[in-house]
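Welcome! Let's take a friendly walk through this structure, one stop at a time.

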Amino acid sequence: SMAKEKKKSKIGSHVIAIAFFMVMGFVLGLLIAPFIEWQLPDGISSGEKLLRIGAMLLLLYFSWFIHIVIHESGHLIGGLLSGYTFSSFRIGSFMLLKENGKLVSKRLKIAGTGGQCLMAPPEMVDGKFPVVLYNMGGSVMNLLVSLLFVPVLIAAPKGGFLALFSFLMIGMGIISGLGNGIPLHTKTVDNDGYNAISLGKSKDAMQAFWLQMKMNEQLSKGLRLKDMPDEWFQMPSDEAMKNNLVAAIGVSVCNRLMDQHRFEEADAQMAHILSIESGMIGLHRNLVICDRLYYELIHENRPDVVASFYTKEQQKFMKAMRTFPSVIRTEYAYALLVEKDQGKAVKAMEAFEKVAKTYPYPNDINSERELIQIAEDKAAA
């Protein structure tokens, strides 16, 4: 019955999420219709109408972008107030990273995310450290900025651009603030509200969250997974893996085995975590399948097993994540060992070199180069 309850609460949170976005859409729809009429009064030429519609769309995009920056800044402020230190700040694929005490710009694209602010956590005391401000800071900032724009909207000349911009800033802030703040567990990622609740419920989750941020900090300091402390990489129990944050540690354990070239162990662990009911996010699930596919290619390369990993869904994912090093490495191995297409392999390597130039974690690139070499050796054998 525990599993039933779990499933119920999962379905419950999905329904709440869908209902929330439907209500938001409905309210915005109701507001937008008169707003558009107000912005496009009768008696203006069709040329001016087009210009105004274009400007509206631009402002819509601009206010959405500003709210991503505001959201990530909220995490940063929340973290700094809780004793965290800065690691990296990403908006879209543009990333600022602290490298040897200096800020450098890098590129990292993760499908389905607008940005991310990563910080190094303070030390744990009695298995605890402050997490609420860091997790909820983004949503709080979005909602605060929305509030600040209410008087601007009231004071702005009716029908003008300032009024439109204020309206959009309020709308986008509410959508971002509530959309990230109301606990939500979706197919690809879990939002801030979901993480905050998840952390409050379990000591395992708290430790997993801390570990994940520590690993990130070490990565940005130039360490590889295989160089990090062994005790950070203990495979959690199946029961603990049901938590979304703990599941991420399970994935890191597999990634580290790959980095150590302990492929057989890695594959067994990956097969296991894919087979159990866990809180693993879609992004991690597909990256794990990517690694299993790579191992099959360099190991037995059985066509039926390869096909079972390289499904339509997996291909779609790999296309969306085509600038991610481990995805390119797997595509490269596939071109060499299945398609036996030199031209495609060369293209994949060119893509890899392009990403390598601006990728935030050069140690990951070194790790991937070793795996690329193994695929080349296998093709040459």
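Which residues of the largest nonpolar core touch the most other members? Keep in mind as you look that this is a predicted model. The core in question holds 85 residues, and those touching the most other members are Tyr84, Phe129, Phe209, Tyr294 and Val327. If you want to know which element gives the most to this core, turn to helix α9, spanning residues 282-298, which supplies 10 residues.

Let's pause at one of these residues, Tyr84. Setting aside neighbours within four places in sequence, Tyr84 is in contact with a long list of residues, including Gly79, Met119, Ala120, Pro121, Pro122, Tyr134 and Met213. Among the contacts of Tyr84 are also Phe129 and Phe209, two residues that were named above for touching the most other members of the core. Apart from this core lies another one, made of 12 residues, with Ile70, Phe149, Leu164 and Met169 among them.

Next, find His75, which sits in helix α2, residues 46-81. Is His75 buried or exposed? His75 counts as buried because its relative accessibility is 7%, and the cut-off for buried is under 20%. Not counting residues up to four places away in sequence, His75 touches Cys117, Met119, Tyr134, Asn135, Gly137, Gly138 and Asp192. You may recognise Met119 and Tyr134, since Tyr84 is in contact with them too.

Our last stop is Ala155, in helix α3, which covers residues 132-155. Ala155 has a relative accessible area of 67%, so this residue is exposed. Now look for Val104: Ala155 and Val104 are 51 residues apart in sequence, and their C-alpha atoms are 41 Å apart in space.

Notes
Residues are numbered from 1 along each chain as its sequence is written. This is a predicted model: local features need pLDDT of at least 70, side-chain atom pairs count only at pLDDT 80 or more; totals for chains, interfaces and linings use all residues. Side-chain values use heavy atoms; hydrogens and water are left out. Helices (H or I, at least four residues) and strands (E, at least two) are DSSP runs, numbered from the N terminus. Buried means under 20% relative accessible area, exposed over 50%, partly exposed in between (1.4 Å probe, protein chains only). Contact means heavy atoms within 4.5 Å. A nonpolar core is a set of buried Ala, Val, Leu, Ile, Met, Phe, Trp, Tyr and Cys residues joined through side-chain atoms within 4.5 Å.
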